[in-house]
Amino acid sequence: MESRRRSAVGAGAIILLDAVQDEWCRASKMSIAALDIVFIGTSVYSVTVLRALIDASHRVVAVYTRPDRPVGRGREIGASPVKLFALDRSLMVCQPESFREERSAAELTELHPDLIVVVAYGRLLPQRVLDIPKFGCLN
């Protein structure tokens, strides 16, 4: 049951992205469009959607996740599931303390994303970050 639910979540994200991609094609009068996507997420649940994006051949230009934190009883520093997955796929990983910092927003702007996909990030994104991508953000 859990794997079917995760598959449905990933499929739903892909359907939305395909709709955005189709709109981009119409707007730019191009037959094939490759969207530059920035993914923002932290939890295991987020990995499901990130995996679906990659499996659907969307171009993920960067992955943003929360900074490494102490975890477990030993309070050892641990990376988020999204970071581990992204590094395993050789994706660029960014871990800003906050998007409220001008530097973090500027670095994201330099990527020129067409779309930002946010899944279980754990923090609210400021409006200036939501305004960066050409086609907005999917949460």
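Contacts between residues 24 or more positions apart make up 62% of those in the chain with a separation of 6 or more, and this is a value to keep in mind while moving through what is a predicted model. With the whole chain selected, five helices and seven strands can be picked out, and reading along the sequence gives the pattern α-β-α-β-β-β-α-β-α-β-α-β. Of the 139 residues, 41% count as buried, while the chain exposes about 8,000 Å², of which carbon and sulfur atoms supply 54%.

**The sheet**

Select the strands E5, E2, E1, E6 and E7, shown here in the order in which they form an open sheet with parallel pairing. At the edges stand E5 and strand E7 (137-138), and because each has a single partner strand, one side of each is left without a neighbour in the sheet.

Next, keep E1 and E6 on display: these two strands run parallel and are joined by five bridges. To find a matching pair of positions across them, select Phe-39, which stands opposite Val-117 in E6. Then add H2, which lies across E1, E2 and E6 and runs at about 165 degrees to E1.

**Helix H3**

Move on to residues 81-88, which make up helix H3, and colour its buried residues, Val-82, Lys-83, Phe-85 and Ala-86. Looking down the axis of H3, you will find these residues within an arc of 165 degrees, so they line one face of the helix. What do the buried residues of H3 pack against? Their partners are strand E1 (36-41), helix H2 (44-55), strand E2 (59-64) and strand E5 (93-94).

Turn to the other side of H3 and select Leu-84 and Asp-88, both of which are exposed. A little further on, after H3, comes Ser-90, a residue whose phi is positive, near 60 degrees.

**Salt bridges around H3**

Side chains of opposite charge can pair when their charged atoms come close. The count for this model comes to seven salt bridges, and the tour stops at three of them, beginning with one that involves a residue already coloured.

Select Asp-68 together with Lys-83, which form a salt bridge with their closest N and O atoms 2.9 Å apart. Asp-68 lies in the loop between E2 and strand E3 (69-71), whereas Lys-83 is in helix H3, so the pair ties together parts that are 15 residues apart in sequence. Is Lys-83 buried or exposed at 14% relative accessibility? Lys-83 counts as buried, because 14% falls under the 20% cut-off, whereas Asp-68, at 28% relative accessibility, counts as partly exposed.

The next pair to select is Asp-88 with Arg-89, a salt bridge in which the closest N and O atoms are 2.6 Å apart. Asp-88 is exposed, with a relative accessible area of 56%, and Arg-89 is partly exposed, with a relative accessible area of 36%.

**Helix H4**

Now select residues 102-110, helix H4, and highlight Ser-104, Ala-105 and Leu-108, which are its buried residues. Around the axis they cover an arc of only 95 degrees, which puts them on the same side of H4. An α-helix has 3.6 residues a turn, so residues three or four places apart point the same way.

Which elements do the buried residues of H4 pack against? Showing the surroundings of the helix brings up E1 and E2, along with strand E6 (115-119) and helix H5 (127-130).

Rotate the view to the face of H4 turned away from its buried side, where the exposed residues Glu-102, Arg-103 and Glu-110 are found. Of these, keep Arg-103 selected and add Glu-107: the two form a salt bridge, with their closest N and O atoms 3.6 Å apart. Because Arg-103 and Glu-107 are four residues apart in helix H4, about one helical turn separates them. Arg-103 is exposed, with a relative accessible area of 57%, while Glu-107, at 38% relative accessibility, counts as partly exposed.

For a last selection, follow the chain out of H4 to His-112, whose phi is positive, near 50 degrees.

Conventions
Residues numbered from 1 in each chain as written. Predicted model: local features only at pLDDT ≥ 70, side-chain atom pairs only at ≥ 80, totals over all residues. Heavy atoms only, no water. Buried < 20%, exposed > 50% of the residue type's maximum accessible area, 1.4 Å probe, protein only. Arc of directions from axis to C-beta. Contact = heavy atoms within 4.5 Å. Salt bridge = Lys/Arg side-chain N within 4 Å of Asp/Glu carboxyl O. Areas by Shrake-Rupley, 256 points an atom, 1.4 Å probe, with all protein chains shown as cover. Pairing = 2+ DSSP bridges. Axes fitted to C-alpha atoms, helices over the stretch in contact; angles between N-to-C directions.
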